[in-house]
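Please open the structure in a viewer and keep the selection tool at hand. The stops below follow one another, each with something to select.

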Amino acid sequence: MHIRLQRSLWFAAWMLSASAAAAVIEVNVYDQGNKPLADAVVVLQRAGPAKSGNKPKRAVIEQIDREFNPFVSVVQTGTTVAFPNRDPMLHHLFSFSQAKTFEIKLYRGEAPRDLLFDEPGVVALGCNIHDWMEAYVLVVDSPYYAKTGSQGNALVINLPAGDYRLWFWHPHQKKPPPPQTLRVAQSDKRQLTTRFEIEKRPRRDKPPLQADNYAG
Ligand SMILES: [Cu+2]
């Protein structure tokens, strides 16, 4: 009992010191009109391949109210993704993207299987029934990333000291901001600002719900 307590105290102290030493980077992202930009992804990539031995991760992309949620996901290579359909009607998922080509035919509730995303790249999701449904998975070879919320800021935490390439992505980008190289010191706390040029009206409107949307 005593040894176990000591060990857990030691672990807590180690966790504290580890998080104190790790750097934090906040990126504030705007569009060309200086409005905070949501769903922009910030990725910090160390030279060389990502460290292996990371725990496998799992992400969830729902279909709800005839939309995908979230609209943008960013996952590390090796992540499995579940695609539950929370709607009363059927959806029919597909992707033609090179990083992950697949189809999950007409279903409701849990999808028959989770899918493994093991190749870096952009995966654009669609639904065969509802052509306005749109979502993206950015698969990255790094555990250090964040996505902006409605305030346009993304926080990358637990960053070990080192040299990184910092790059940006948004599904509706006309032009992403140029990537940067960044030397991160221990306990660094940094704030950066960057700007995207994005498409003006990129999304299709969702039509009102009709009785026959429930068919099938
Ligand atoms: Cu659908």
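**First stop: a loop residue**

Begin by selecting Asp39, which lies in the loop between β1 and β2. Strands such as these (E, at least two residues) and helices (H or I, at least four residues) are DSSP runs, numbered from the N terminus. Asp39 is buried, as 20 other C-beta atoms lie within 10 Å. The terms work as follows: a residue is buried if 20 or more other C-beta atoms lie within 10 Å of its own, exposed if 12 or fewer, and partly exposed in between, with C-beta atoms placed from the backbone. The phi of Asp39 is near 65 degrees, a positive value in a residue other than glycine. Most residues other than glycine have a negative phi, and most peptide bonds are trans.

The model is a predicted one, in which local features need pLDDT of at least 70 and side-chain atom pairs count only at pLDDT 80 or more, while totals for chains, interfaces and linings use all residues. Residues are numbered from 1 along each chain as its sequence is written.

**The whole chain**

Now display the entire protein chain, whose secondary structure comes to one helix and 19 strands. Of its 216 residues, 25% are buried. Contacts (C-beta atoms, placed from the backbone, within 7 Å) may be examined next. Among those in the protein chain with a separation of 6 or more, 65% are between residues 24 or more positions apart.

**The largest nonpolar core**

Next, select Ala40, Val41, Val42, Val137 and Leu138. In the largest nonpolar core, which has 37 residues, these five touch the most other members. A nonpolar core is a set of buried Ala, Val, Leu, Ile, Met, Phe, Trp, Tyr and Cys residues joined through C-beta atoms within 7 Å. Several strands supply at least two residues each to this core, including β1 (23-30), β2 (41-46), β6 (72-76) and β11 (121-127). Which strand gives the most to this core? It is β12, with six residues. Domain 1 (23-50 + 143-200) and domain 2 (52-141) both contribute residues, so the core lies between them; the domain bounds come from an automatic or database domain assignment.

Then centre the view on Val42. Apart from its neighbours within four places in sequence, Val42 is in contact with Val27, Tyr145, Ala146, Ala154, Val156 and Phe168.

**A sheet of four strands**

Select β13, β2, β15 and β17, which in that order form an open antiparallel sheet. Two strands pair if DSSP finds at least two bridges between them. Both β13 (144-147) and β17 (180-184) stand at the edges with a single partner strand, so one side of each is left without a neighbour in the sheet. On average, neighbouring strands of this sheet are turned by 25 degrees against each other, direction ignored; axes are lines fitted to C-alpha atoms, for helices over the stretch in contact, and angles run from 0 to 180 degrees between N-to-C directions. Four bridges join β2 to β13, and Leu44 has Tyr144 in β13 as its bridge partner.

**Pro176**

From β17, move to Pro176 in the loop between β16 (173-175) and β17. Is Pro176 buried, exposed or partly exposed? Pro176 counts as partly exposed, with 17 C-beta neighbours inside 10 Å. Show Phe196 as well: the two residues are 20 apart in sequence, and 5.2 Å separates them in space, C-alpha to C-alpha. Beyond its neighbours within four places in sequence, Pro176 is in contact with Phe168, Trp169, His170 and Phe196.

**A sheet of three strands**

Select β3, β7 and β10, an open sheet in that order with mixed pairing. Its edge strands are β3 (58-60) and β10 (115-117), each pairing on one side only. Here the average turn between neighbouring strands is 35 degrees, direction ignored. β3 and β7 (residues 79-82) run parallel and are joined by three bridges; Ala59 has its bridge partner, Val81, in β7.

**A hairpin and two loops**

Select β8 (residues 91-95) and β9 (residues 102-107), which run antiparallel and are joined by four bridges. They form a hairpin with six residues between them. Within this pair, Leu93 has Ile104 of β9 as its bridge partner.

Proceed to Asp65, in the loop between β4 (62-64) and β5. Asp65 is exposed, with 10 other C-beta atoms within 10 Å, and its phi, near 50 degrees, is positive in a residue other than glycine.

Finally, select Pro70 in the loop between β5 (67-69) and β6. The peptide bond from Asn69 to Pro70 is cis, with omega near 0 degrees.

Key: Two residues are in contact if their C-beta atoms, placed from the backbone, lie within 7 Å.
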